[in-house]
4 protein chains.
Amino acid sequence: MLKAGLVGVTGYTGMELARILATHPSIRLAAATSRQDAGRRLDAIYPFLRGLPGAEVVLTEPDAADLARRCDVVFLAVPHGVAMEIGADLYDAGVRVVDLSADFRLRDAGTYETWYKPHTRKEHIACAVYGLPEIYAEQIRAARLVANPGCYPTASILALHPALKHGLCDPSGIIIDAKSGTTGAGRKASVSSLYCEVADSFRPYNIGGRHRHIPEIEQELTLAAGRPATVSFNPHLLPIGRGILATIYARLARPASQEDIQSLYEDYWKGAPWVRVLPAGQLPETRNVRGSMFCDIAVTVDSRTGWLILTSAIDNICRGASGQAVANANLMFGLPLDEGLGAAPLVP
Amino acid sequence: MLKAGLVGVTGYTGMELARILATHPSIRLAAATSRQDAGRRLDAIYPFLRGLPGAEVVLTEPDAADLARRCDVVFLAVPHGVAMEIGADLYDAGVRVVDLSADFRLRDAGTYETWYKPHTRKEHIACAVYGLPEIYAEQIRAARLVANPGCYPTASILALHPALKHGLCDPSGIIIDAKSGTTGAGRKASVSSLYCEVADSFRPYNIGGRHRHIPEIEQELTLAAGRPATVSFNPHLLPIGRGILATIYARLARPASQEDIQSLYEDYWKGAPWVRVLPAGQLPETRNVRGSMFCDIAVTVDSRTGWLILTSAIDNICRGASGQAVANANLMFGLPLDEGLGAAPLVP
Amino acid sequence: MLKAGLVGVTGYTGMELARILATHPSIRLAAATSRQDAGRRLDAIYPFLRGLPGAEVVLTEPDAADLARRCDVVFLAVPHGVAMEIGADLYDAGVRVVDLSADFRLRDAGTYETWYKPHTRKEHIACAVYGLPEIYAEQIRAARLVANPGCYPTASILALHPALKHGLCDPSGIIIDAKSGTTGAGRKASVSSLYCEVADSFRPYNIGGRHRHIPEIEQELTLAAGRPATVSFNPHLLPIGRGILATIYARLARPASQEDIQSLYEDYWKGAPWVRVLPAGQLPETRNVRGSMFCDIAVTVDSRTGWLILTSAIDNICRGASGQAVANANLMFGLPLDEGLGAAPLVP
Amino acid sequence: MLKAGLVGVTGYTGMELARILATHPSIRLAAATSRQDAGRRLDAIYPFLRGLPGAEVVLTEPDAADLARRCDVVFLAVPHGVAMEIGADLYDAGVRVVDLSADFRLRDAGTYETWYKPHTRKEHIACAVYGLPEIYAEQIRAARLVANPGCYPTASILALHPALKHGLCDPSGIIIDAKSGTTGAGRKASVSSLYCEVADSFRPYNIGGRHRHIPEIEQELTLAAGRPATVSFNPHLLPIGRGILATIYARLARPASQEDIQSLYEDYWKGAPWVRVLPAGQLPETRNVRGSMFCDIAVTVDSRTGWLILTSAIDNICRGASGQAVANANLMFGLPLDEGLGAAPLVP
């Protein structure tokens, strides 16, 4: 049984990691940290875990040396800026690390610093592998530091990869109109995330090139296309808990039929157990992936206007964060990719 | 006191008309029809109206001659195809008509027939005025038959009109990524609209040029631009009751600053009491217009990618349907535009 | 035009007062206070009010002397303990006061101090009138300080008053199983009120005689019954915004038929414009009163078990707080009871 | 691998059975029936199951002989009245049956006929075992026909069993104020279950001794108490998908402290893996059991009024229906009780 540490348990990605590990056959939660709740049992803050493995873990203050001694792998579910320090220390101490923050996702430190803040552990960036299993499984198996992808990038990259890899569409001028459930806003006390501010409403935010997932998306799309990709990325907040649905508009580089693109997509993702290319005529729904690792993708050609429209749905905190982190840990330790991650979507 | 008839009271637009008329100072509900509920009192099917004016109206089978005798104006809240017949008959009988269906919205009968079905009362199309008060107030005042705009068109046209009228952006290649609350799916018994099929989820539908509001939007945008407009219109279903939010992407025809476009929009809609151009930095939310006639619009230039992004929110069944219908009736009878329509948005 | 002041604008009752006054024909918002948002315009914190009367008011720090100079009536939407001080000062300065907190609701200072905290302005308790218009309209008309009832007490007292006044049921051993929307939890930043902690869930709280509305309910029920009333009051949190529904169980003191009690209730509340005793067979729903002053009550005799079951629904922040406060102000200034409060319920 | 048949796949309990069996290690879905969808693949009607075991099953018309040949166990997820016929036929054909309807729950055929309809297979009633594993595990292991408990009875009986078995409270005069998510209303097309009729609202239904779960609850409580139990059972509809929370009021038969009852409950349910008696001060929430087999129970003494208040939460379609059905099948085939049922609750 592998022993996992969890740094930052009070947010939704930390909560989801604790939930997933509670039923993982080969990895168990051995340590969990929280500055605000140190000294409490995990099931005191998350009563839904009562009676499940890991529920009895007592939260501690974060301490890299202590975690390195007690754990085989440590998941970092703390904000960017915080993660880089403890992540690099844990890496140096020889423990495997999966970082759910953005700190090691961008290969170019300058780009990181433009969009985020000064990077204090730049030397570790090159040690990190971008943890999207469908694309980087080989590298992840060999990695000791995995930069777990962002939620919007996961949904966007899986949807666009086949089209860009095959040169079907123009990598510049892509529009990603993305909608996320409110778990994406985090678990901090904040008036704007209160039930009565979110329920029965819908709103855009960070419209017009302001969201920090843009450079991450463009980095991976550029690699796929082999030339610079630019996206107008525009997120919205949904009155749901879990789920992202991205509606993506790309200009077809050359005429292509619905059937051609459909079969290209089906071929491209044939071996990927979690990417479900929907049959023509079906469209994704966030509930169809709730609590699961699936990414449901539909391909539509708007022949009147010449746009290729991709719709892509994931569970943002499972597939787009904590489940993906566990998949990466599975790969790092030679376990089956989907071990502990086989839950059917919870519908309704 | 003017007497209003309401044909088709069992859907959400019929319900909303009954609600609005219950507090209108100058128009009262005098007749309401429903095939399935004929013989029942209005408040037996809508108990929330108990004790309010109109609640005591007994529903009857629809009968144009009878309605024409008893009413000064008749609102049609029945499906397209049904509305054209009774609407034309009522018009011929001399009563004023506001038709909430699509039957008289498209000036070209051939376009109607391409998107909908055969039109059996083509001769009345030319009698109808498109009932968007901000643009056609003069014509509406003189009209006897008003084609009330669709909900998506209302949100889209008000957002794009200034930009197209001033040639700011290319009228071809516009993308409208629209999200609607579930009242838009109607009040028919249907598994796909059940609470448990819609709640805590989000889904696209009619992706890729299939929604019937497309020709209506293109008709009005073409008139605004003075040359053919084409849109890729893609709707989604929100787990909310009321509200539409459209995120609209248009290519800037020439470089323009955020400030220029912001002030152009503020000037353009200065005299329109219901169009609120939000200050730079604010974005619309559907709840901010809930139960009201407001259309909140924000203008954003994505300078990295050259897209003009418009976000526009309305209450789909008030502003986008029944409230707009009452506004049109107000104009037709020389009443103040906003009489009976001054409710503040219900937030939260 | 009467000038109103509003102390504490950042909570949901403050927001609702601003919303109601925006369309009140005879009272306009002249001053509003907020420690945290002083210096900002009202519509900067509540964009849904943009363009409506009062939206331009600039928030100030609370100052009783200043408010007394500028206002005819001041509404207090601040927490208990805070309200007693500024409320008493405003009263002494001669301005009329409607206090939405609990500070002046309990006639017995000792009871107040048992359930709340030390009372520092005890001498003003006797000056206050309990502001339930259906029961105390005469006293409210003459009052200068009105203690606006709590939300749960409003729904509970209106439902039980006829039965207790007529001795139909035993005033001891009453059970009130109450369910409230999340606006009742306030607008403070708090993890437990986040969307993702409340949505798609349901929970009890303060079970077993711990909620502070108990002494207020018992005070009024005791007055109605003419002998001591005791209630087991147990609240629950609903994943909705507005609305309270109380299910109330009382032992019949003597055999009584459904019909007898139904007609007694209809007679009792005949003259009360906002209490709607539903016809036998109908039950209340919170949405049927949303955004309105109605209290919908159904009477059911469970003949198998001998319980009288009352179900009662109100909008907790309109009828159960801010709308009721405006009704009290209407009475205090000789205006029609329902002036500015005639909105039809917003359904759906 | 055991082969399971599923009669009636289009409702929520059928959907949930398909979902649970998709990840069950020892039972796989071999046949599924649906009159309306015969000929379609399971994942055509439930796209969330795409790619999971069982998704490829083609739906057929129900046929007892055919099912008996192809299956080791058949789950009946059809309405009462329909289930008794096919259930008895399958039983006679020698296949094991778990019936999720009410048809074999009531030991007294006369009581069944009073509350439901004429019973056409009375001779099979005595063959059936009431499938509440915490109470009847031994009998279930030996059974060939299991009457799966209702959702409300599951939550109510587990909460009251310890108190009644130990004579802590009076079995007459119990009040069960129950609240259920909308999956409980079924998956039939119906206006009253539409999203816009349920969301952001809350309503009671069947108030006053009218719900058909009453005789089932009273049957089991009477057995526990050893003398006749009567309940006033009053259900409400919650705007959530999954979940029941029952708030139960029982008169203490003799004085008892919170601590005594708490420790009695903890002892009573010590060996039951799914019943979680919450520590004093904690209360259940429906989300804490979502998608799981847990029943969370809290014990509170309202010492002011003498009521014992039990709050009890389950997932109505997992624990209260389909998950419990699978647990019963596990027992019938000698599998571990919780095989395939170990999912952690999905929070948030």
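**Overall build of chain A and an open sheet in chain C**

Of the 348 residues that make up chain A, 63% count as buried. The model is a predicted one, and the description here starts with the chain as a whole before turning to a single sheet.

Chain A contains 11 helices and 13 strands. Its radius of gyration is 20 Å, close to the 20 Å that the globule rule gives for 348 residues, so chain A is as compact as a globular protein of that length. Along the principal axes, the C-alpha atoms of chain A fill a box of roughly 60 × 45 × 35 Å. The contacts add a view along the sequence: of those in chain A between residues at least 6 apart, 72% join residues at least 24 apart.

Chain C offers a sheet to look at in some detail. Here 7 strands form an open sheet with mixed pairing, and their order is 8-9-7-10-13-12-11. Strand 8 (203-204) and strand 11 (275-277) of chain C stand at the edges; each has a single partner strand, so one side of each is left without a neighbour in the sheet.

Within this sheet, strand 12 (residues 295-302) and strand 13 (residues 307-314) of chain C run antiparallel and are joined by 7 bridges. Val301(C) can serve as a handy landmark for anyone following along in the viewer, as this residue stands opposite Leu308(C) in strand 13 of chain C. A helix also meets this part of the sheet: helix 10 (residues 258-268) of chain C lies across strand 11, strand 12 and strand 13 of chain C. The helix runs at about 160° to strand 12 of chain C.

How values were computed: Residues are numbered from 1 along each chain as its sequence is written. Chains are lettered from A and ligands numbered from 1 in the order in which they are written. This is a predicted model: local features need pLDDT of at least 70, side-chain atom pairs count only at pLDDT 80 or more; totals for chains, interfaces and linings use all residues. Two strands pair if DSSP finds at least two bridges between them. Helices (H or I, at least four residues) and strands (E, at least two) are DSSP runs, numbered from the N terminus. Two residues are in contact if their C-beta atoms, placed from the backbone, lie within 7 Å. Axes are lines fitted to C-alpha atoms, for helices over the stretch in contact, and angles run from 0 to 180 degrees between N-to-C directions. The radius of gyration is taken over C-alpha atoms; the globule rule is 2.2 Å times the number of residues to the power 0.38. A residue is buried if 20 or more other C-beta atoms lie within 10 Å of its own, exposed if 12 or fewer, and partly exposed in between; C-beta atoms are placed from the backbone.
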